[in-house]
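Trainee: I am new to this structure and would like a close look at a single part of it, set in the context of what surrounds it. Could you take me through one residue with care, and then through the rest?

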Amino acid sequence: MSTVAEQANPVHVRSLRKRYGPVNAVEEVDLDVRSGEVFALLGPNGAGKTTTVEILVGVRRRTSGDVRVLGRDPAEDAPEWRARIGVVPQTTGAYTDLTVREVVEHFAAFYPAPLPVAEVIDMVGLGKQARKQAQTLSGGQARRLDVAVGVVGDPDLIFLDEPTTGLDPVARREAWDLVRYFADRGKTTVLTTHYLDEVEALAQRAAVIVGGRVVESGPVAELGGRRATPAAVSFARTDGLDRSLPALPGDAVVEEAEGLVVVRTHHPTEAMAALLPWAAASGVRELPDLRIHRPSLEEIYLDLIRSNQEGGVV
Amino acid sequence: MSAPNAALTQESGAVVLDPARSIVWRAAVSRSSVELKSFFRNRQSLVFTLLLPVVLLVVLGSIFSGTVPGTHTDFKQMFIAGIIGCGVMSVSFNGLAISVAIERDTGMIRRLASSPMPKSAYFIGKVVRVAVTGTLETLLLLAVAVVAFGLPLPSTTARWETLVWVLLLGAVACTLLAVAFSSVIPNARSASAIVTLPFLVLQFISGVFFPYSQLPAWMQTVAALFPLKWMTQGLRSVFLPNDFARVEPAGVWELDRVALVLAAWCLAGLALSFLTFRWRGPNVR
């Protein structure tokens, strides 16, 4: 059951399912994207991310489930609803025989209150290419033209399906700036991506889809119990070190195998404060292989995928 | 109803207040201008759809000689009447089927479907494209035919009227059939090749290159199922002397039947377009 507040979210999805013949591309997806946030959809290829986004933007019909986007059912395909959403599909479009400027002007003509065309072209970093034929653009430039086409209507809700795939690092950062530009203006963004650094840099919340199901969703910083997972302080045993460790933080769990000491704790700074004088007292000035490790989003993500694919869900 | 829904209803109300006609108008103007730009800037569409019939007219018009058996009519005149029908079919059927296939394959149709563009604007743009290029093609062929091959222009107002309605009905039928036919084209690259096949075959069996009366009966029967045969027959009534009708299958021009068959194809084309045209789906990239 969902509350009235949840139904007021820009994107509200319950029990979404999409079947192609015998295959369930989307099995069970629940999503709530809140107003003004950047929400990331993560998942391996074929997990159902793109199908989900295509249903949300109304270019694909769902088999069942409850879907509200800006308060309406995308299947209605209402023009005034379309005017409020921006879509950048996964595959890069080709616009033959038109210049960059003409392409953006063309799409601007369909919206009641578009952004100024020159401004949008500058924003995606194609200012110098404005008069160039669109089919002569490089892959990365063509992708940016796609983004321009998607946002020229000044949408309240933007769907970006892998917008930075194929962009060089500089262009990726520019695309990030663009996402932040819309976020700063109070717009809501739904982003699918393979790049976890992109998620950490841009998104406040994320959902991980594996095998057509949402296996995890929440604030990026807490994804997969990330905040609950202790940090690991580790170093290699060396001659001269006292056999017994000093007094460590109360929650510390110590493992020792093959000469490597691992201290798992939520208080790594305290652990270090105890370990360093202890080593110095034994005359060890340098602890070999000393490191403090916190699980990265990537590790959390790969763990989530691994544990969810083991059940035979592919 | 919750507050945001109420806000949305208000907003959609505002859009409705904005005259819907002006939204369609603006979108249709934008679509039409893009259609024409992409036609005239694209070398492939210029050469294959606009110039090919002119080249055929010049080359074959210079080769063909003699009279059509059973008549006193110059073979060339019969051929020219037919090639005008081909020209109109070329810009409407070939040109349009190729452009829809390309737009579907390159993501244009998907992006248009994701925008608030009124769907009618897309088809208005296509109609403008066919109207402009079809008129241009007809004038081009007529000019070459008159200047280089001494084709007499239609002699009576009635014949001019026939010229206009035959080309108009033919163009509408071919346009609608093109939209339907584009759905069997798998991708943009193969579009020209796939479209050329029916076009070429119909040209041979519809009385363009060979007098229709000289074709085997079964071929005549097949050709009579398609619009081009009826277009060329109507055009022969416009440009050829009345006694040529003797070698037509019925011994007369059968203009009422020409109108009937072409109108039937318009309706069939409309129905097929409705059934096959997709704004979304696995083939719309």
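Is B:Ile98 buried or exposed, and how many other C-beta atoms lie within 10 Å?

Mentor: Before anything else, please keep in mind that this is a predicted model. B:Ile98 is buried, because 26 other C-beta atoms lie within 10 Å, where 20 or more are needed for a residue to count as buried. The residue belongs to helix H4 of chain B, which covers residues 75–105. Leaving aside residues up to four places away in sequence, B:Ile98 touches B:Ala191, B:Ser192 and B:Val195. The distance to B:Ala193 can be given in two ways, since the two residues are 95 positions apart in sequence, while their C-alpha atoms are 9.5 Å apart in space.

To place that residue, it helps to look at chain B as a whole. Chain B is built from eleven helices and has zero strands, so that, read along the sequence, its pattern is α-α-α-α-α-α-α-α-α-α-α. Its C-alpha atoms fill a box of roughly 80 × 40 × 35 Å along the principal axes, and 43% of its 285 residues count as buried. Among the contacts in chain B with a separation of 6 or more, 83% are between residues 24 or more positions apart, and the contacts of B:Ile98 with B:Ala191, B:Ser192 and B:Val195 can be read beside that figure.

Another helix of chain B can be set beside H4. Helix H10 of chain B, residues 227–239, has 13 residues and reaches 19 Å from its first C-alpha to its last, which is close to the 18 Å expected at 1.5 Å a residue. Since 13 of the 13 residues of H10(B) are buried, this helix is largely enclosed by the rest of the structure.

How far the model can be trusted is a separate matter. The mean pLDDT of chain B is 89, with 93% of its residues at 70 or more, but over residues 1–17 of chain B the pLDDT stays under 50, and for that stretch the model has 15 contacts beyond four places in sequence. Where pLDDT is low, the predicted coordinates should not be read in detail. For the complex, the predictor gives an ipTM of 0.84 and a pTM of 0.83.

The two chains meet in a contact that takes 29 residues from chain A and 31 residues from chain B. On the side of chain A that touches chain B, the elements that give two or more residues are helix H1 (4–7), helix H3 (79–82) and helix H4 (100–108) of chain A. H3(A) provides the largest share of that side, three residues. Sorted by class, the side of chain A that touches chain B has 18 nonpolar, six polar and five charged residues.

Chain A also has strands, and strand S3 of chain A, residues 38–42, is a good place to begin with them. Five of the five residues of S3(A) are buried, so the strand is largely enclosed by the rest of the structure. A:Val38, A:Ala40 and A:Leu42 point one way from S3(A), whereas A:Phe39 and A:Leu41 point the other way. S3(A) pairs in the parallel sense with strand S7 (residues 188–192) of chain A over four bridges, and A:Phe39 has A:Val190 as its bridge partner in S7(A). Four bridges also join S3(A) to strand S8 (residues 205–210) of chain A, again running parallel, with A:Ala40 standing opposite A:Ala206 in S8(A).

Strand S5 (residues 85–88) of chain A can be described in similar terms: A:Ile85 and A:Val87 point one way, A:Gly86 and A:Val88 the other way, and all are buried. Four bridges join S5(A) to strand S6 (residues 157–161) of chain A, and the two run parallel; within this pairing, A:Gly86 has A:Ile158 as its bridge partner in S6(A).

Elsewhere in chain A, an open sheet of four strands has the order S11-S12-S10-S13, with antiparallel pairing. Strands S11 (253–257) and S13 (291–293) of chain A stand at the edges with a single partner strand each, so one side of each is left without a neighbour in the sheet. From one strand to the next, the twist averages 20°. S11(A) pairs with strand S12 (residues 260–265) of chain A over five bridges in the antiparallel sense, and A:Glu255 has A:Val262 as its bridge partner in S12(A). Finally, helix H9 (residues 268–281) of chain A lies across S10 (231–236), S12 and S13 of chain A, running at about 25° to S10(A).

Terms used. Residues are numbered from 1 along each chain as its sequence is written. Chains are lettered from A and ligands numbered from 1 in the order in which they are written. This is a predicted model: local features need pLDDT of at least 70, side-chain atom pairs count only at pLDDT 80 or more; totals for chains, interfaces and linings use all residues. The expected span of a helix is 1.5 Å times one less than its number of residues. A residue is buried if 20 or more other C-beta atoms lie within 10 Å of its own, exposed if 12 or fewer, and partly exposed in between; C-beta atoms are placed from the backbone. Two residues are in contact if their C-beta atoms, placed from the backbone, lie within 7 Å. Ala, Val, Leu, Ile, Met, Phe, Trp, Tyr, Cys and Pro count as nonpolar, Asp, Glu, Lys and Arg as charged, and the others, Gly among them, as polar. Two strands pair if DSSP finds at least two bridges between them. Axes are lines fitted to C-alpha atoms, for helices over the stretch in contact, and angles run from 0 to 180 degrees between N-to-C directions. pLDDT is the predictor's confidence in each residue, from 0 to 100.
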